[in-house]
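Here are a few exercises to work through with the model open in your viewer. Try each task before you read the solution under it.

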Amino acid sequence: MSTTPPMLQIKNLWKSYGDNIVLENLNKNVEAGEFVTLVGTSGCGKSTFLKMLLGMETQTRGDLLLDDQPIATEPDQARGIVFQQYSVFPHLTVLQNVIIAREFEKSPLLGKLFGGRKKAVLEEARQLLERVGLSPAANKYPHELSGGMRQRLAIAQALIRKPRILLLDEPFGALDPGIRADMHALILDLWREHQLTIFMVTHDLTEGFYLGTRLWVFDKVRHDPQAPNAYGARITYDLPVGDMPHDTFNQIQQSLNPADTNEVASASGETP
Amino acid sequence: MKRLVNLTPSRPLKVLLGLAPFALILLIYVIASDARLEVNPNDKLLPSFAQMGDAMHRLAFEPSKRTGEYLFWQDTASSLQRLALGVGIAAVIGFVVGLLTGALPTLNAPFAPLLTVISLVPPMALLPILFIVFGLGELSKVALIIFGVAPFIARDIQRCTQEIPKEQLIKAQTLGASTWHILVRVLIPQLLPRLINAIRLSLGAGWLFLIAAEGIASTDGLGYRIFLVRRYLSMDVILPYVAWITFLAFMVDWLLANSSRLLFRWHHAGGNT
């Protein structure tokens, strides 16, 4: 594996459904280890973009390259995902939810491990649960967990196979603000420790500013009132965001003048 | 005075209210039966509990003069065996068909419309065909239950399969799961409690087909017995048999409900999260 090409290359990427153009002409490179936050109004195509990264949608035109290869057109273990909900398996305990990925990997026939092989995997899973703070709940079922704990589990589950890219689809959207702050700290720590490459879709602009290294704003540049679907969204802002102390963060937020960003966001909010 | 929608009876009162209709029905029966028997001691329509007890004692605890069997237990065993076979096979067929057509779009396309049409065929109308094809033996009776119940279970499981959140299937794939893995580790375990539920819902139809088939062509079974003694107006046998069938149906349902609650705690406590 050569290290020269960027990990993820987006070249002239278009996505449309019939006449409805969702994304037009995206061109970006993302290096390994970056933490990209995707913001934009609903319907701006950021979720479509995430689905293309995941392999659930295919581009209409252009290239999406992971490690210089076209990205697989169905989900696989190269890309981990945490959804806002339904991310964990309700019929498995916390521990079983984490080891299932290893069981898929090591047992093609049954998808289940027994005896000594299971023991080794369980040990690995316990350490991961310890890391995300779920050890006391290891034998509980997901319905017995709070929303925040469930997302911790979903993250642990996604991490065990060490995906090239970790995709987070509004993972903290349903959580209380206090819990959300804890989760931010956790995801930042994990990102540093495991040297992850993360794409996170969020509604919350401050979340976008605080987390990660890069902020992408999805928005429509051209707009035809007669044909609202004729033009797709582009990435209108590509801002470097540091993993910085809190006061620096405030300065940058002020210098960026988020009021403008909000205006852009609300203007495109009128498009259906 | 609170609104009626806000009035909830206390627990003992609730039990009492629940039992009251049963007691009332029994009381009305006893009064009516007594009144008729007083006019005509040979009346067969509303036998007294003593007469029913005698009839049942004869069937349950005295060997039949003709065959030497204890008819009541023989009937019960035959019927339960047919029902278990029929519903069991229907559950397996229905589960596999429902799972595969629900999970795999390439199988859904050719088989889902067929399944819809098959489930609309009235099974009782097929009974003559089953008698012609399979003869009058056990097979045709079991086959009727299968034909009556399997399409319903298949469609129910198909719907349940499609209702499992797509996110879970995608998540499994990002964890490296193959189609087979998704079936055996994600879908089947989550569909088992739903299968038990589908079986519970289809047991009513199962009993219907069983008794109909036994009533038309059989040599034993609960349905056979009540259709047989109808010729002699033997209400003293028919009524206890109907009560017994109801009790059996209740017990089977109760067992299924409780085993589901024991085996699939996560399903009953939480549902989808």
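**Exercise 1. Follow the strand pairings at the start of chain A.**

Task: In which sense do S4(A) and S5(A) pair, and over how many bridges?

Solution. Keep in mind that this is a predicted model.

Step 1. S4(A) and S5(A) run antiparallel, and 2 bridges hold the pairing together. One bridge partnership to look up is A:Leu66 with A:Gln69 in S5(A).

Step 2. Now check the turn. The hairpin of S4(A) and S5(A) has 2 residues between the strands, and A:Asp67 takes a positive phi near 50 degrees there.

Step 3. Go from S4(A), residues 61-66, to S1(A): these two are antiparallel as well, joined by 5 bridges. Here A:Gln9 sits opposite A:Leu65 of S4(A).

Step 4. S1(A) (residues 8-17) also pairs with S2(A) (residues 20-30), in the antiparallel sense and over 7 bridges. Look for A:Leu8 facing A:Val30 in S2(A). This hairpin, too, has 2 residues between its strands, and A:Gly18 has a positive phi near 65 degrees.

**Exercise 2. Place a proline.**

Task: Is A:Pro75 buried or exposed?

Solution.

Step 1. Find A:Pro75 in the loop between strand S5 (69-70) and S6 of chain A.

Step 2. Count its surroundings: 23 other C-beta atoms lie within 10 Å of A:Pro75. The cut-off for buried is 20 or more, so A:Pro75 is buried.

Step 3. Ask who the neighbours are. Setting aside residues within four places in sequence, A:Pro75 contacts A:Leu54, A:Gly55 and A:Met56, plus B:Ile170, B:Gln173 and B:Thr174 from chain B.

**Exercise 3. Describe the side of chain A that touches chain B.**

Task: How many residues of each chain are in contact, and which element of chain A gives the largest share?

Solution.

Step 1. Start with the totals: 29 residues of chain A meet 22 residues of chain B.

Step 2. Sort the chain A side by element. Strand S6 (79-82), helix H2 (94-106) and helix H4 (147-159) of chain A each give two or more residues. The largest share, 4 residues, belongs to H2(A).

Step 3. Sort the chain A side by class, and you get 16 nonpolar, 7 polar and 6 charged residues.

**Exercise 4. Look at the contact between the domains of chain A.**

Task: What are the domains of chain A, and how many residues does each give to the contact?

Solution.

Step 1. The assignment splits chain A into domain 1 (1-78 + 163-272) and domain 2 (89-161).

Step 2. Domain 1 of chain A puts 14 residues into the contact, and domain 2 of chain A puts in 9 residues.

Step 3. On the domain 1 side, helix H5 (residues 177-194) of chain A has the largest share, with 7 residues. By class, that side holds 11 nonpolar, 2 polar and 1 charged.

**Exercise 5. Judge a helix crossing in chain B.**

Task: At what angle do H2(B) and H10(B) pack?

Solution.

Step 1. Helix H2 (residues 49-61) and helix H10 (residues 235-263) of chain B meet at about 80 degrees, with axes 8 Å apart.

Step 2. Angles of 65 to 115 degrees count as roughly perpendicular, so that is the label for H2(B) and H10(B).

Step 3. Pick out the residues: B:Gln51, B:Met52, B:Ala55, B:Met56 and B:Leu59 come from H2(B), while B:Asp236, B:Val237, B:Leu239 and B:Pro240 come from H10(B). The contact divides into 7 nonpolar, 1 polar and 1 charged.

Key
Residues numbered from 1 in each chain as written. Chains lettered and ligands numbered in written order. Predicted model: local features only at pLDDT ≥ 70, side-chain atom pairs only at ≥ 80, totals over all residues. Contact = placed C-beta atoms within 7 Å. Nonpolar A, V, L, I, M, F, W, Y, C, P; charged D, E, K, R; others polar. Axes fitted to C-alpha atoms, helices over the stretch in contact; angles between N-to-C directions. Parallel < 35°, antiparallel > 145°, perpendicular 65-115°, else oblique. Pairing = 2+ DSSP bridges. Buried ≥ 20, exposed ≤ 12 C-beta atoms within 10 Å, placed from the backbone. Domains from an automatic or database assignment.
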